[in-house]
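Hi,

Here is the model I promised to pass on. Have a look at it first, and then read my notes below.

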Amino acid sequence: NMDFREYLNQYVDAVIFNQGSISKYEAFKSLLNNYITKVIHDVKIRDIDENTAKRIVDDIQKLPGAIRRHHQNNEKIGAYSINRCIQLLTEASDFLLAKNLIRENYFLNYKAVAKIERSASPEWNMDSWSKLIAYCSDERLFVLLHICFDTGLRINEVTGLTWDNLDHLDEGVIISDKSLRRMYKTNAEVLDPSRIIARYEKKGFNDTNTVVLLLRSEESCVIPLHAPVVELLQKWKEDNKNLVAPNVTIFSMKDQRPYDTRVLNKNFKSLTNKTKLQDLTLSKLITFGK
């Protein structure tokens, strides 16, 4: 007799959070908030049948795309989001079926929606790399780009580097054992507190629904660096010695607030616009560096 909408939220909180990855948990919570709960209405578990499942999936495909900052708004939900919604509905129904609470998983009838072919983003090459570096006047972005290019670390691992991670530069390596993540506050509340090193609220905006966290990684890794990047980081540490402190990221502002991905993406976009290389992405820079 439970509302299907309430069940899906509990399923994600209780099952996905404990059995899946944190990224899958966050993705499913986002799908629930942005799409699924908007079309389920007051349907209860006992009401789920072939017609109800069809109506829910059809209504999801008519929804507009979620609004995202610094992204072009989509008039219609994308194929990827539709497929992930179907995945969540299917997995949650499998759980009910295993408990004999429904007769059949009606969401299995829906196959993945074909993705719209889009022009591939351009690949990095040494010319584009050299041009971008030549025009980069933001010091933090300049250093960050070199770390991305040289280490293969993910963006949130690069922005999560702290000054103690540079203690072994004389040996030609850095240590990666943290990551900087922006997430919904509700998701942050259910994280293991021992993983949270620092929490950064947005000043003057207490009603925002996201928070930036510096998180301890499950494992640390030693990353070798090329000599020019070692020299760059040694100079960076010397130039910012007044900011060096435990658990302060190496790209922090003067108030020790981190170089968040929102600021990073804004500055990177400004740089690529200036160089007329608008379609280059940081993720592909990391791949190119590898």
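What follows is a run through the fold, the charges, the aromatic rings and two backbone oddities.

A word on ground rules before the findings. This is a predicted model, so to speak of local features I needed pLDDT of at least 70, side-chain atom pairs count only at pLDDT 80 or more, and totals for chains, interfaces and linings use all residues. Residues are numbered from 1 along each chain as its sequence is written, and side-chain values use heavy atoms, with hydrogens and water left out.

The fold

The chain has eleven helices and three strands; helices are DSSP runs of H or I with at least four residues, strands are runs of E with at least two, and both are numbered from the N terminus. Going along the sequence, the order is α-α-α-α-α-α-α-β-α-β-β-α-α-α. The C-alpha trace spans about 65 × 45 × 35 Å along its principal axes. Of the 290 residues in the chain, 42% are buried. For burial I use relative accessible area: buried is under 20%, exposed is over 50%, and partly exposed is in between, with a 1.4 Å probe and protein chains only. The areas themselves come from the Shrake-Rupley method.

Salt bridges

I get 15 salt bridges in the structure, taking one to be a side-chain nitrogen of Lys or Arg within 4 Å of a carboxyl oxygen of Asp or Glu. Three are worth pulling up on your screen.

Start with K29 and D13, whose side chains meet at 3.1 Å, N to O. K29 sits in helix α2 and D13 in helix α1 (residues 4-19), so this pair ties together parts that are 16 residues apart in sequence. K29 counts as buried because its relative accessibility is 11%, while D13 is partly exposed at 34%.

Then there is E123 with K284, where the closest N and O atoms are also 3.1 Å apart. Here E123 is in the loop between α4 (79-98) and α5 (126-135) and K284 is in helix α11, so the bridge ties together parts 161 residues apart in sequence. E123 is exposed, with 56% relative accessibility, and K284 is partly exposed at 23%.

The third joins D177 to K178 at 2.8 Å, N to O. D177 is partly exposed at 21%, whereas K178 is buried at 5%. D164 comes in as well: salt bridges with shared partners join D164, D177 and K178 into one network.

A negative patch

On the surface, D42, D47, D49, E50 and E104 form a negative patch. Patch members have over 30% relative accessible area and no salt bridge, and like charges are joined within 9 Å (for nonpolar side chains, Val, Leu, Ile, Met, Phe, Trp and Tyr, the limit is 5 Å). Asp and Glu count as negative, Lys and Arg as positive, and His and the chain ends are not counted. Each charge is placed at CG of Asp, CD of Glu, NZ of Lys or CZ of Arg. Within the patch, D42 lies in the loop between α2 (22-40) and α3 (50-60), and D42 is exposed at 61% relative accessibility.

Aromatic rings

A search of the whole structure turns up nine aromatic pairs. Rings of Phe, Tyr and Trp (its six-membered ring) pair if their centres lie within 6.5 Å; planes under 30 degrees apart are stacked, over 60 edge-to-face, and the rest tilted. W236 and F251 have ring centres 6.4 Å apart and planes at 40°, so they are a tilted pair. W236 belongs to helix α9 (residues 227-239) and F251 to the loop between α9 and α10 (261-274), so the pair ties together parts 15 residues apart in sequence. Both W236 and F251 are buried. F251 also pairs with Y259, again tilted, at 6.3 Å centre to centre and 45° between the planes, and Y259 is buried too. Elsewhere, F4, Y7, Y11, F95 and F107 make up one aromatic cluster.

Backbone oddities

Which residues other than glycine should you check for a positive phi? One is H41, at about 65°, in the loop between α2 and α3; H41 is partly exposed, with a relative accessible area of 42%. Another is K276, with phi near 60°. K276 lies in the loop between α10 and α11 (282-289) and is exposed at 67%.

Cheers

Terms used
Areas by Shrake-Rupley, 256 points an atom, 1.4 Å probe, with all protein chains shown as cover.
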